[in-house]
Amino acid sequence: MEREQIEMDVVIVGAGPAGLAAAIRLRQLAQDQGRDDLSVCVLEKGPEVGAHILSGAVIDPRSLDELIPDWRDLKAPLKTPAVDDHFLLLREHGSLRLPTPASLRNEGHYVGSLGNLCRWLGEQAEALGVDIYPGFAAAEVLYDEQGAVRGVATADTGLQPDGTPGPQHEPGVEIVAGRTLLAEGCRGSLSQQVIAAYELDQDADPQTYGIGIKEVWEVDESVHRPGTVVHTVGWPLDARTYGGGFLYHFDERRVSVGFVVGLDYANPNLSPYQEMQRFKTHPEIRRHLEGGRRLSYGARALVEGGVQSCPKLEFPGGMLVGDAAGLLNVARIKGTHTAMKSGMLAAEAVFEHWANASEPAAATGVDRALADSWVWSELRRARNIRPAFARWGLWGGLAYAAADTYLFGGRAPWTFSQHADHEQLQRQSEASPIEYPAPDGELTFPLLSSVHLSNTNHDEHQPCHLRLRDPDVPIQVNLAEFGAPETRYCPAGVYEIVDGDQGPRLQINAANCVHCKTCDIKDPTQNIQWQVPQGGEGPIYSGM
Amino acid sequence: MKVLVGVKRVIDYNVNIRVKSDGSGVETENVRMSANPFDEIALEEAVRLKEAGICSELLAVTVGDEASQEVLRSALAMGADRAIRIDVTESPQPLNVAALLAAVAREEAVDLVLLGKQAIDDDANQAGQMTAALLGWPQGTFASELTIAEGRARVAREIDGGQQTVELDLPAVVTADLRLNEPRFVKLPAMMKAKKRPIEERTPEALGVDMRPRVERVKVSEPVPREAGVKVADVDELLDKLRNEAGVI
């Protein structure tokens, strides 16, 4: 069936902080310079803006100050200043308060929900004339005859599991645009295709990732300390595994609690979900949550590679922005400010080009603009911290981080390289087993009751959006050699080994998926490809 | 023939409902909202009547605050010709809604009011019946099949123990059950056009409707959590527990 075509000046894929900042900046420039004819549309695969956003979050408002200086008067939902930083080394019994590293000091920052901030940014964008379409997933990159990107196509709806059109079938729509901005966040499915097609990462190290699992609790008034920020390292992870916990108090008796595990972990028996549950039982964490109730749950992969792993942003016809380009500052555990700034820089480069009506696919020089911005110098200073932990574990990493920051000021004359996460798994025969405690139903919970709180949903009568490149690999390689690690790293119980007539087989419960992208990253032979399901599905996070 | 469809904005059916800790109501701030699924079925049925050439004008109506406009945008994208929002800020009770819908139905001289059988937020299942009563029109509730011919509506109703078919003289009120149809997906180009279309506004005062609540809500609480089950060793133990612990036999 023929697809309908819609023409736009700029199409942006993803209504997160990078995509919305780009959209806002584009329309601000258009209005300021009397070029109101600039059309900007944002496609968002979630059912509404913010539904697929998950972040800590302690937010540095630097970019927001630049983008919307009067955000406080416009009632942006950043109401709780960070007032009290704690950096704890946890041991199985006890803990030690360490001096807070400079990168984790949060004076002037705000504790809040990035999902709510994005909802608000979406309102600001719409007021400026941006068209945002939640519930429509960009599923395909469109190329012109010269090989430049000419837009994206949305997913078909109403396909049957075998891929043939069902009675409700509606073909996707082609959004043809002068520029296509991919703002899909970490490990975007279209971004991955474009990075490969144009070899944007040929001069970069492999990207390295983490998985963050988060819950929001409503706590008792007596323990609620708005603005308190706690970061932890150490227990329950061993010293070779990178990761740590966070706990933030914000408004309305809400506490965000979460745990991040570097996806370069080696032991296939490790379950990030179970580490997160165990983390909450430490007395230093438990005391904040006891007597409270858990409101929501979710998970999302994040980029940790820094400047070494950043691909080129620009490709013919468009660019990557935000975490799709890997711009998170892992030493500061922050990416909202860099994502927004990259979106703004992209907008400025695109607008100038559009206003001068130059060759549609000509380079805008956005990579240069990024390299000259504070984003790049900030990320450069932090570049050796994460790989130092990969080389020397927790103790060496902490020691190196202190030396790099205080002796060299982030200007050490060397750069450590990053490695690919999926190549780091041990064979299960070499790995030590890990025993996780049973959930208590008050502080710790079974996986499926957690997934329920993500509000995730997918129509089961559609093609599976988790594609296996080779259907035999899950059993012959993943199960035989690694003990089916996907059954443990998936924070939503999507992957299960079940006994079939011909022996064990992999069952994919795609309806549970929370769109975290971990399987696309960590599968040892890169056999799992995460694709977008039909639009409007996946988790429905509120206040995450 | 002119058809009025009522659409209510409710908490999305995929979202876990959370009762506010003070028991005053259900948490709706920053919670995903969408059109009541039964109303979408009613709307789909009306769009099909339009496509069949039976309905000449399709009017979508909602009762709610400004945020409720989004369900009307979707209704326009699905095929409604006009959209009316009756501006109400407090969550209205079924009798108020029925009075508002009846007033618009009279004002617009519609031939058929098509509603969802109930809204999934309060599950009251009253607005359709009350609208019919206030208008003095016949009603066909829980419709799983609707045929319009020669000024009459033939409605197959889902009832206990089977199906009942009724014939109504138009104008009439029909409420949709789950099996009436499967609503279509909204298309992006239609959504883009719907964003630019006007949404008419009415107020309860202008419609002459008294919005005072007739029912007082005392308290909202969560269902008692289900207690964990136990495994019994044999039939005797089961009988013993049923008799002595549960007291049901």
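**Exercise 1.** Which domains does the domain assignment of chain A give?

*Solution.* Keep in mind that this is a predicted model. Start with domain 1, which is assembled from the segments 4-68, 117-204 and 311-381. Next comes domain 2, made of 80-113 and 207-303. Finish with domain 3, which covers 421-530.

**Exercise 2.** Describe how domain 1 and domain 2 of chain A meet.

*Solution.* Begin with the centres: taken over C-alpha atoms, those of domain 1 and domain 2 of chain A are 30 Å apart. Then turn to the contacts, where 15 residues of domain 1 of chain A meet 22 residues of domain 2 of chain A. Sorted by class, the domain 1 side of this contact has nine nonpolar, two polar and four charged residues.

**Exercise 3.** Work out why the radius of gyration of chain A agrees with that of a compact globule.

*Solution.* First take the expectation: for 544 residues, a compact globule would have a radius of gyration near 24 Å. Chain A has 22 Å, so the two agree. Now add the spans of the C-alpha trace of chain A along its principal axes, about 65 × 60 × 50 Å. Buried residues account for 56% of chain A. Lastly, of the contacts in chain A between residues at least 6 apart in sequence, 77% link residues at least 24 apart. For the secondary structure, count 14 helices and 24 strands in chain A.

**Exercise 4.** How many residues of chain B are in contact with chain A?

*Solution.* On the chain B side there are 18, and they touch 25 residues of chain A. Splitting the chain B side by class gives seven nonpolar, four polar and seven charged residues.

Definitions and conventions
Residues numbered from 1 in each chain as written. Chains lettered and ligands numbered in written order. Predicted model: local features only at pLDDT ≥ 70, side-chain atom pairs only at ≥ 80, totals over all residues. Contact = placed C-beta atoms within 7 Å. Nonpolar A, V, L, I, M, F, W, Y, C, P; charged D, E, K, R; others polar. Domains from an automatic or database assignment. Helix = DSSP H or I, 4+ residues; strand = E, 2+ residues; numbered from the N terminus. Rg over C-alpha atoms; globule rule 2.2 N^0.38 Å. Buried ≥ 20, exposed ≤ 12 C-beta atoms within 10 Å, placed from the backbone.
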